[in-house]
Amino acid sequence: MTFRLGWIGCGRQASEMLLPELVRIEGVGLAALADIDEAALARIAERYGVVQTFADYRDLLARDDLDGVGMAVGPAMHREIGLAALARGLPVFMEKPPAADLAGTHELAAAAARAKKPLLVGFMKRFSSGNKLGRNVLRHDFGQPLGFYGSYMTAPTYFAGEADYRGFFLHHCVHYFDLAPWLMGSPIADLSARQIEPGPGKLLIHLALTFESGALGTLVMGTIQSRGAPVEFIQIMGDHRKIEIENVTSIRYTRDPAFKVGDADASLEDGADTVSWTPNMTVAANEDHKGYRALLQACLDAMRGKPSDAPTIEDAVRAMAALERMADALGRPLT
């Protein structure tokens, strides 16, 4: 049976990232669309053959033939529409962040608990190919993760006119407050933060992290690099183990290799020497390296009551708590 999904928000993130992957998933249909932008709404409706369109999300939620709701409308409206959808008894997927602050995220979590419906959040970096491979290695062959290093950069283009950087915090930094604990298998227990701002829109942040497991971490984030250059790198260290993930795809796994130079018979040893994987970017377009399709598949499974590893609103509460803690430490509060 087709899962009838109502979708709210037809902007760039939905039209370029989410909906093209959503419609490729078997067993789901776009039953209705809503957006206040008439041109964007008409364009997406025509692209996917959706007849029922609404300028007001309340009219979409008033329908009685929806199995669930998805949205990408920005943090303030995520909270407002999410609360309304849960009050209607509908399971919900929303892009991150789920709200503009931790208090709003707690409201959504409480509403989902009252409604006894899943509220899933768009932390797609968990499903990116290199990050997913790294997580599997960490769970099955690595031992205790002891140290985390992450670097995530973007350009100042979007933030030059936004002195408080809340857009950067909410739409970018929040990813790593979900991803780092997910990879390390442990929540963040403590953090301290330093910053430098060499010019308008140009911010560099260094964070020192302690995880509940006792592992230590360093996280570097900022708006001082070109988006045309590689901007993401993760390294996780254990006892004679190291994983490195570049730009959410390529991964290297280093174990405990022997010295080679003094041994004339030295070769490469399974289980000791470094192994690596780099995707073949020439293959068909059905590869899902950024992870949007896998994320949406997991969220739809959760909406249908199937086993799922989709990120939940409880995961978002933990991420937003760490994000708000960072913002407060930098003197740039979210609220």
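This report describes helix packing, aromatic pairs, cysteines, two buried residues and some backbone features in a predicted model.

**Two crossing helices**

Two packed helices are described by the angle between their axes and the distance between the axes. Helix α7, which covers residues 166-184, and helix α9, which covers residues 313-329, have axes that come within 9 Å and cross at roughly 115°, and the crossing of α7 and α9 is right-handed. On the α7 side the contact is made by Phe169, Leu170, Cys173, Val174, Phe177 and Asp178, which meet Asp315, Ala319, Met320, Ala322, Leu323, Met326 and Ala327 in α9. Sorted by class, this contact of α7 with α9 has 11 nonpolar residues, 2 charged residues and no polar ones.

**Aromatic pairs**

The structure holds 6 aromatic pairs. One of them is formed by Phe148 and Phe211, an edge-to-face pair with 6.3 Å from centre to centre and 70° between the planes. Phe148 lies in strand β7 (residues 147-153) and Phe211 lies in strand β9 (residues 202-211), so the pair ties together parts that are 63 residues apart in sequence. Phe148 counts as buried, at 4% relative accessibility, and Phe211 also counts as buried, at 1%. In another pair, the rings of Phe168 and Phe169 have their centres 6.2 Å apart and their planes at 50°, so this pair is tilted; Phe168 and Phe169 are both buried.

**Cysteines**

A disulfide is a covalent bond between the sulfur atoms of two cysteines. A search of the whole structure finds 0 disulfides. For Cys299, the closest cysteine sulfur is that of Cys10, at 18 Å, which is too far for a bond. Cys299 is buried, with a relative accessible area of 2%, and Cys173, one of the α7 residues that meet α9, is buried with a relative accessible area of 0%.

**Two buried residues and their surroundings**

Ile236 lies in strand β11, residues 232-238, and counts as buried at 0% relative accessibility. Leaving aside residues up to four places away in sequence, Ile236 touches Leu138, Phe142, Pro145, Gly147, Phe148, Leu183, Met184, Arg241, Lys242 and Ile243. The list includes Phe148, a member of the edge-to-face pair. Ile236 and Gly217 are 19 residues apart in sequence, and their C-alpha atoms are 8.9 Å apart in space.

His78 lies in helix α4, residues 75-87, and counts as buried at 1% relative accessibility. With residues up to four places away in sequence again not counted, its contacts are Met71, Ala72, Val73, Met94, Glu95, Lys96, Pro97, Pro98 and Leu108. His78 and Phe93 are 15 residues apart in sequence and 9.7 Å apart in space, C-alpha to C-alpha.

**Backbone features**

Most residues other than glycine have a negative phi, and most peptide bonds are trans. Lys96 and Pro97, both among the residues that His78 touches, are joined by a cis peptide bond with omega of about -10°, and Pro97 lies in the loop between β5 (92-94) and α5 (102-115). The table gives two residues that have a positive phi although neither is a glycine.

| Residue | Phi | Loop | Relative accessible area |
|---|---|---|---|
| Lys116 | about 55° | between α5 and β6 (119-121) | 75%, exposed |
| Asn247 | about 50° | between β12 (241-246) and β13 (250-254) | 29%, partly exposed |

Terms used
Residues are numbered from 1 along each chain as its sequence is written. This is a predicted model: local features need pLDDT of at least 70, side-chain atom pairs count only at pLDDT 80 or more; totals for chains, interfaces and linings use all residues. Side-chain values use heavy atoms; hydrogens and water are left out. Axes are lines fitted to C-alpha atoms, for helices over the stretch in contact, and angles run from 0 to 180 degrees between N-to-C directions. Helices (H or I, at least four residues) and strands (E, at least two) are DSSP runs, numbered from the N terminus. A crossing is left-handed if the near helix is turned anticlockwise from the far one by less than a right angle, and right-handed if clockwise. Contact means heavy atoms within 4.5 Å. Ala, Val, Leu, Ile, Met, Phe, Trp, Tyr, Cys and Pro count as nonpolar, Asp, Glu, Lys and Arg as charged, and the others, Gly among them, as polar. Rings of Phe, Tyr and Trp (its six-membered ring) pair if their centres lie within 6.5 Å; planes under 30 degrees apart count as stacked, over 60 as edge-to-face and the rest as tilted. Buried means under 20% relative accessible area, exposed over 50%, partly exposed in between (1.4 Å probe, protein chains only). A disulfide is a pair of cysteine sulfur atoms within 2.5 Å.
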